[in-house]
Amino acid sequence: MGETSLYPILPTFEKHALVNSMQYQEMYARSLRDPKNFWGGQADKLTWFKRYDEILTGGFKNLDAVWFPGGKLNACYNCLDRHLAAKGNQAALIWEGDSPDESKTITYHALYQEVCQLANALKKLHIKKGDAVAIYMPMIPEAVAAMLACARIGAVHTVVFGGFSSDALLMRMKETKCQVVITANAGMRGGKVIPLKHHVDEALEKETSVHHVIVVKRTEHVVAWQENRDHWYHEMIATESMQCPCDMMDSQDALFVLYTSGSTGKPKGILHTLAGYLVYVAVTYQYVFDYHENDIYWCTADMGWITGHSYTVYGPLCNGATTVIFEGVPHFPTPSRFWEIIDKHQVNVFYTAPTAIRALRREGDTWVTLTQRHSLRLLGSVGEPINPDVWEWYYRVVGDNRCPIVDTWWQTETGGILISPLPGATPLKPGSATRPFFGVVPEVVDDQGNAMPEGQMGKLVIKQPWPGMMQGIYGDRDRFVNDYFKAIPGCYFTGDDAKRDSDGYFWITGRNDDVIKVSGHRIGTGEIESAFIEHPAVSEVGVVAVPHAIKGESIYAFVTLKEHMLPSEKLKKELIQQVRHSIGAIATPDYIQWAEALPKTRSGKIMRRLLRKIANNDAAELGDTSTLADPQVINDLLSHRIAIL
Ligand code: WT7
């Protein structure tokens, strides 16, 4: 780490960025000295129907932090209506379809009209404030319209990633008691058809609260149809008025629920409320991506993840930016696609994930250098640690040594970016997310909560509330308290390991719980194990992560079969199918090792720590195995270990 090369602030940024390094120091100090006034000043960037009474009440002590109580506002108004006078004809969205021949531009005015129509249509289906609406869609403009239409009338959206299976969709719709789901007949990705409506139909074969399905006609594919339940999106909105009043919402009203994986079996519905979230994403978008008027900004994240919510939709639109949405995949039709899109739409700011950069780097530089990329000014990375050599490649080959990289660390729970360089203020070190954003107080601690000395690994916690923070787990206050505030009392527990170097830079190395990152997608090992167990042949299973050159991590499963069940290639395929069926293709295990038995404590708990060592061939590092009920198990597992590619 001491050897790390330092990339100084680029001269153009030193001059033209919103924040230079002196200003960062001053603003950061002020944000800690007087957080309320700092955030009060930032909150003035939004349009409020009624000003808040206070900036922050409560805090981490009693877990009762409320931002901007007494305020009234609307997220959709802040993203659309208030820009109409100055920017009605400016592009709000630039959509690039899966096929390079398909793209379109949607102005702020056009998006506003469509959102009003859809909001009116939702009202006609009796959706009112507080009701949950599921959104299970491809990356198309209608997905943004759907989120904003919900926000306009106070409905709570729960976006489900289009790559999730019908079972995963069902669980989310059931828990939030959705009455309406908005989908498309199909999605297109890399030339392949994703049968979204079919998945919805499958989910709705089971008992649910869903009464209506709104279907965007994305392609010409014919789908099954249930009269009275299913409605074409274009037919529904055609007859609706292009005006729809905004609900006057309270600061702490729910904006959305987004499910993400935790350590245990079931994903949790992270609840974000209106005012704090919106202020935070608007302000972080502005400073981290150094927003300037007329910027064309592109974040490649799917709307089904928090990055899509915060930095494809709410952050950019709240600032009046132009945001690109891309339906397809990086390799289709060729590995030049990302860079071609940058040239085609003259993208200035580009934000993607390390897994995509690794995959494209492997294809060779020519796919990049074939393109111009002159419009690029700033690059971003998110989702997992970025390896320094991958960072260097991104900087040198994609950015031509003239675009800073903002390596942004954050989580679904944090709502927005907590640790990141600011391009005009922070010299860069490849692989480090560098310094905290305004108002954020991270610390690296040991298990007792004592600060770790410089350079030593520990657990990353956040010591003070920030506006973007989750307000709970949907329907589960206990899990909220236990998962995030129990380990280190008084602090928000991130679940990540990190160290801080002598310059105060943070280096985040990954999770310290049973959450893994496959291609940047967050998956709980418990969730995958539950999926395996659903298969009648499986008795027990332990799932761990192993390193993967492109995906970052991949899934390794140890499976014990029931009495009289025999391992076979056929069974292996069935198990993989089972996991894909209950979660989705992103959770496909790469390795399945048949195990006579799993290492357990005397009280019968599976020792995943040992499984991780075995899968990674760290036999020498097994550590203390004295609590093992049967030490022989380890040798058996080691001798049948599958070599990792
Ligand atoms: C986990 C959160 C936040 C948007 C996308 C992921 C890992 C995220 C970084 C980064 C190192 C990172 C952490 C975190 N992570 N960004 N820049 N450097 N690790 O959101 O799916 O909720 O995952 O992603 O492990 O805890 P998420």
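A polar contact is taken here as a pair of N or O atoms within 3.5 Å. In this predicted model, one such pair joins the ligand to the backbone of glutamate 384, of which an N or O atom lies 3.5 Å from a ligand nitrogen atom. Side chains also take part: a polar atom of glutamine 411 is placed 2.9 Å from an oxygen atom of the ligand, and a polar side-chain atom of aspartate 496 lies 2.7 Å from a ligand oxygen. The ligand taken alone exposes 560 Å², of which 95% is buried by the protein.

The shell around the ligand draws two or more residues from each of helix H12 (306-318), strand S20 (405-408) and strand S25 (506-511). Of the 17 residues around the ligand, those that come nearest are Asp407, Thr408, Thr412, Asp496 and Arg522. By class, the shell comprises six nonpolar, five polar and six charged residues.

Backbone geometry was also examined. The peptide bond from phenylalanine 332 to proline 333 is cis, with omega near -5°; proline 333 belongs to the loop between strand S17 (322-326) and helix H13 (337-345).

Asparagine 228, although not a glycine, has a positive phi of about 75°. This residue is located in the loop between strand S11 (212-216) and strand S12 (230-232), and counts as exposed because its relative accessibility is 65%, with exposed meaning over 50%. A positive phi, of about 60°, is likewise found at asparagine 401, in the loop between helix H16 (388-398) and S20. Asparagine 401 has a relative accessible area of 44% and is therefore partly exposed.

Key. Residues are numbered from 1 along each chain as its sequence is written. This is a predicted model: local features need pLDDT of at least 70, side-chain atom pairs count only at pLDDT 80 or more; totals for chains, interfaces and linings use all residues. Side-chain values use heavy atoms; hydrogens and water are left out. A residue is near a molecule or strand if one of its heavy atoms lies within 4 Å of it. A polar contact is a pair of N or O atoms within 3.5 Å; within protein, one must be able to donate a hydrogen and the other to accept it, and residues adjacent in sequence count only if both atoms are side-chain atoms. Accessible areas come from the Shrake-Rupley method with a 1.4 Å probe; for residues, only the protein chains shown count as cover. Helices (H or I, at least four residues) and strands (E, at least two) are DSSP runs, numbered from the N terminus. Ala, Val, Leu, Ile, Met, Phe, Trp, Tyr, Cys and Pro count as nonpolar, Asp, Glu, Lys and Arg as charged, and the others, Gly among them, as polar. Buried means under 20% relative accessible area, exposed over 50%, partly exposed in between (1.4 Å probe, protein chains only).
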